[in-house]
Amino acid sequence: MSISASPPAPSPLLTAAPVPSWARRVAAATLWASAPSALWRLAVVLGVPLGLAESEYDSMLIPGWGYLVVPLLSVFQEALAFLTLGLVRPWGEVWPRWIPGLRGRRIPVYAAVVPAALGALGCTIYGVLFTWTTLHADMEITRWGEWLMNLCYVPLVAWGPLLAVVTVHYYRRRTQG
């Protein structure tokens, strides 16, 4: 007696091709590269003394709209960094069940690679320009405050290149088969 079994469905917890641990670490590093500046901005809003003069708070619209805009910028930045994990996780290869019409279908490679590549370019330009501007700005800030701010913002320079490495890996992994 033979029982006809349907082929096993692919596990939703596995990627199409194995992801090496170095790629997972690089993707996670994008979160760590963007986190210090987000935390610094949240500290500004929470009133943590950071060595800034009152004029610097005024330029960030604090008090005022800055109490809304500055934390939202931090949340948005971390959400974008979190998307990098999709390049090494199954949810970056298959549309989620909650998207009608697309649920369960494979995500086209270029639908992930093009935004990720543009993001890598944008993050690289932003990181370099922002860091250069910050290091050469004439801010009203104490020496220790400037040191702390630079310590928090300099890691942003790595975000773009890290994202680029993971994007190239995603492209190669998804198209080699």
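**Exercise 1. Find where A16 sits and which residues it touches beyond its own stretch of chain.**

*Solution.* Start with the place: A16 belongs to the segment before α1. Keep in mind that we're working with a predicted model here.

Next, check how open the spot is. A16 has a relative accessible area of 57%, and the cut-off for exposed is over 50%, so A16 counts as exposed.

Now look for partners. Leaving out residues up to four places away in sequence, A16 touches E93, R106 and R173. Take E93: it is 77 residues from A16 in sequence, yet the two C-alpha atoms are 7.7 Å apart in space.

**Exercise 2. Work out how E93, R106 and R173 are joined.**

*Solution.* Let's begin with the general idea: side chains of opposite charge can pair when their charged atoms come close.

Step one is to count. Searching the whole structure turns up 2 salt bridges.

Step two is the pair R106 and E93, whose closest N and O atoms are 3.5 Å apart. Both residues lie in the loop between α3 and α4, so this salt bridge ties together parts that are 13 residues apart in sequence.

Step three is the pair R173 and E93, with the closest N and O atoms 2.5 Å apart. This one links distant parts of the chain: R173 is in helix α6, E93 is in the loop between α3 and α4, and they are 80 residues apart.

Step four is to put the two together. Because the salt bridges share partners, E93, R106 and R173 form one network.

Finally, which members of the network are buried, and which is partly exposed? R173 and E93 are both buried, with E93 at 1% relative accessibility. R106, at 43%, is partly exposed.

**Exercise 3. Describe the backbone around L61, I62 and P63.**

*Solution.* First, the place: L61 lies in the loop between α2 and α3, and P63 is in the loop between α2 (54-59) and α3.

Then look at the angles. L61 has a positive phi of about 60 degrees, although it is not a glycine. Moving on to I62 and P63, you'll find a cis peptide bond joining them, with omega about 5 degrees.

Last, the surface. L61 is partly exposed, at 49% relative accessibility. It helps make a nonpolar surface patch of about 550 Å², along with W65, L68, V69 and L72. One of these, L68, is in helix α3 (residues 66-83) and is partly exposed too, with a relative accessible area of 44%.

**Exercise 4. Decide which side of helix α5 faces inward, and say what covers it.**

*Solution.* List the buried residues of α5 (residues 143-153): G145, M149, N150, C152 and Y153. Around the axis they cover an arc of only 160 degrees, which means they are on the same side of α5.

Now turn to the other side of α5, where R143 and W147 are exposed.

So much for the helix itself; what about its cover? Among the elements covering the buried residues of α5 are α1 (21-46), α4 (109-135) and α6 (156-175).

**Exercise 5. Trace the largest nonpolar core and the helices that build it.**

*Solution.* As a starting point, nonpolar side chains tend to be buried together in soluble globular proteins.

Here, the largest nonpolar core has 18 residues. Those with the most contacts inside it are W40, V44, L52, I62, Y153 and W159. You've met two of these names already: I62 is joined to P63 by the cis peptide bond, and Y153 is a buried residue of α5.

Which helices each supply at least two residues of this core? They are α1, α3, α5 and α6. The largest share, 5 residues, comes from α1.

Zoom in on W159. Leaving aside neighbours within four places in sequence, W159 is in contact with T30, A33, S34, Q77, L80, A81, T84 and C123.

One more thing to spot: apart from the largest core lies another one, of 15 residues, including A27, L85, V88 and Y170.

**Exercise 6. Place A111 and relate it to G92.**

*Solution.* A111 is in helix α4 and is partly exposed, at 41% relative accessibility. From A111 to G92 it is 19 residues in sequence and 10.0 Å in space, C-alpha to C-alpha.

Conventions:
Residues numbered from 1 in each chain as written. Predicted model: local features only at pLDDT ≥ 70, side-chain atom pairs only at ≥ 80, totals over all residues. Heavy atoms only, no water. Buried < 20%, exposed > 50% of the residue type's maximum accessible area, 1.4 Å probe, protein only. Helix = DSSP H or I, 4+ residues; strand = E, 2+ residues; numbered from the N terminus. Arc of directions from axis to C-beta. Contact = heavy atoms within 4.5 Å. Patch = residues over 30% accessible without salt bridge, like charges linked within 9 Å, V, L, I, M, F, W, Y side chains within 5 Å. Areas by Shrake-Rupley, 256 points an atom, 1.4 Å probe, with all protein chains shown as cover. Salt bridge = Lys/Arg side-chain N within 4 Å of Asp/Glu carboxyl O. Core = buried A, V, L, I, M, F, W, Y, C linked by side-chain atoms within 4.5 Å.
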